Amino acid sequence: MDDRTRRRRIHRQALSISLALAPFGIVFGVACVQAGLGLAEAIGFSAIVFTGSAQFAAVGVLGEGGGALAAIGAGLLLNIRSLAFGVLLAPSLTGRVGVRALLAQLVIDESTAVATVQDEHRWRRYGFLAGGLAVFAVWNLTTIAGVLLASVDDGFITDLGFDAAAPAAFLALLWPRLVGAGGAEGRRIAIAGGLVAVAAVPLAPPGIPILLAGVGVLAARRGPGAAR
Amino acid sequence: MSPGFVVIVGLGLGTYALKSAGPLLLGGRRLPAPIERVAQQLPAALLASLVVVSTVVGDRSLVLDARLAGVVAGGVALRLRAPFIVVVAVAVAVTGVVRALVG
C-alpha cells in the first residue's frame, strides 16, 4: 500500500470514529446542564479532562449532589486505562519532551484504537494524531451543541439509534484482527477480553471492566493453542 | 471557584498524569520483548471489551436492547466488506428501526 492510500485510510478511520462520538458529545453537553454546570464548565471538561467516560462519571456524581472529591475519584478510577494506553503508545510517540507532553493530552480510547490498528510506528503516530485531533474537534463542538440543545428533549439520541454508533465503530476497528492471518489468535484474545469485561460489569465500578479485559490476553495466551 | 471548576482542575491534572506517564517517562525506549508481545495483543482484548461494554451494558448491569441488533448488523456489514462509515451507519439505522418497532 502506498503512503497516500495509507493516509487516506487513516483519515477515514479517524473521521468515522470521531463522527461516531458526536451523539455522545451532545449527550455530555446535555448532562452538564442537567447537573447545573454552565457552558464554560462543559467546555472545560471536554477540552481539559478530554476523556469521555471520566467526564460522564464526574458530571454524574456532581449531578447526584456528590462532592468534588467523589467526582474526581470516580473520574480517575474510570481513567486508569489511560495509563495502559499511554504505555502501549509510548514507542510510537517519540520526540522532544514538549512534543510528547502535548501528544499525551490526546491519549484516549479512540486515538489508541486508530493508532494500534496500524502496523508501523510512523503510521501508528499518524493514526494517533489523526484520531486524537478529529475526536478533540468533534467532541468539543458537540459538547457545545449539547449545552445549547439542552432545553430540547434529549431522547432523540436513543430514538434514532445513535447509541449503537460507538460499539459499531469499535467492532470495525477490531475486525481486521479477527480475520486473515493471525485471526485465530485474535479471535481467542477478543473472546477472552469480551468475556472478562461482561463478567466484571456487575462487580466492578464503571470503566474497570474494560481495564480488566487486558487480563483476558494473558488468559488466552495460556489457553489451548498457546504452546506452539 | 465553583465545584465544577474544582473537579475540572483536579480531574484534568489526574487524567493528564495517567495519560502522560507512558509517553513522558518511557519515551521512545522499547519495552522488554515479552511485555511488547503482550502489548501487541492488548488492543484486541481492549477493543472487544469496548464493543461488549458499549453494546450490552447499561447502568452497571447487562442490558439486551436494540443496540445488540444494530451491532450484529454492523458485524454482517463488516463480513460483506463494507467500508467503515457504512458499518456505523447500518448499526445506527438498524438500532433505530428495531427500537421503533419493539419500543
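Helix H4 of chain A passes helix H1 of chain B in a right-handed crossing, where right-handed denotes a near helix turned clockwise from the far one by less than a right angle, and left-handed an anticlockwise turn. The model is a predicted one, in which local features need pLDDT of at least 70 and side-chain atom pairs count only at pLDDT 80 or more, while totals for chains, interfaces and linings use all residues. Residues are numbered from 1 along each chain as its sequence is written, and chains are lettered from A and ligands numbered from 1 in the order in which they are written. Helices (DSSP H or I runs of at least four residues) and strands (E runs of at least two) are numbered from the N terminus.

Two packed helices are described by the angle between their axes and the distance between the axes. H4(A), residues 68-78, packs against H1(B) at an angle of about 35°, with the axes 9 Å apart; axes are lines fitted to C-alpha atoms, for helices over the stretch in contact, and angles run from 0 to 180 degrees between N-to-C directions. On the chain A side, the residues involved are Ala68(A), Ala71(A), Ile72(A), Gly75(A) and Leu76(A), which meet Pro3(B), Val6(B), Val7(B), Gly10(B), Leu11(B) and Gly14(B). Contact here requires C-beta atoms, placed from the backbone, to lie within 7 Å. The residues of this contact comprise eight nonpolar, three polar and no charged. The nonpolar class holds Ala, Val, Leu, Ile, Met, Phe, Trp, Tyr, Cys and Pro, the charged class Asp, Glu, Lys and Arg, and the polar class the others, Gly among them.

A further helix pair is formed by H10(A), residues 165-174, and H4(B), whose axes come within 8 Å and cross at roughly 145°. This crossing is also right-handed. Ala165(A), Ala168(A), Ala169(A) and Ala172(A) make the contact with Phe84(B), Val87(B), Val88(B), Ala91(B) and Val92(B). Its residues divide into nine nonpolar, no polar and no charged.

Over the whole contact between the chains, chain A contributes 78 residues and chain B 61. In chain B, at least two residues each come from helices H1 (3-26), H2 (33-56), H3 (66-79) and H4 (84-102) and from strand E2 (61-62). H1(B) supplies the largest share of the chain B side, 20 residues. That side consists of 37 nonpolar, 19 polar and five charged residues.

Ala17(B) lies in helix H1 of chain B. With 16 other C-beta atoms within 10 Å, Ala17(B) is partly exposed; 20 or more such atoms would make a residue buried and 12 or fewer exposed, with partly exposed in between. Ala17(B) is 77 residues from Val94(B) in sequence and 40 Å from it in space, C-alpha to C-alpha.

Chain A has 12 helices and zero strands. Of its 228 residues, 55% are buried. Among its contacts between residues at least 6 apart in sequence, 68% join residues at least 24 apart. Eight of the eight residues of helix H7(A), residues 109-116, are buried, so this helix is largely enclosed by the rest of the structure.

The mean pLDDT (the predictor's confidence in each residue, from 0 to 100) of chain A is 85, and 89% of its residues reach 70 or more. Among the elements of chain A, helix H2 (residues 39-49) has the highest mean value, 96, and helix H12 (residues 208-222) the lowest, 68. Over residues 224-228 of chain A pLDDT stays under 50, and the model has one contact beyond four places in sequence for this stretch.

Key: Contact = placed C-beta atoms within 7 Å.
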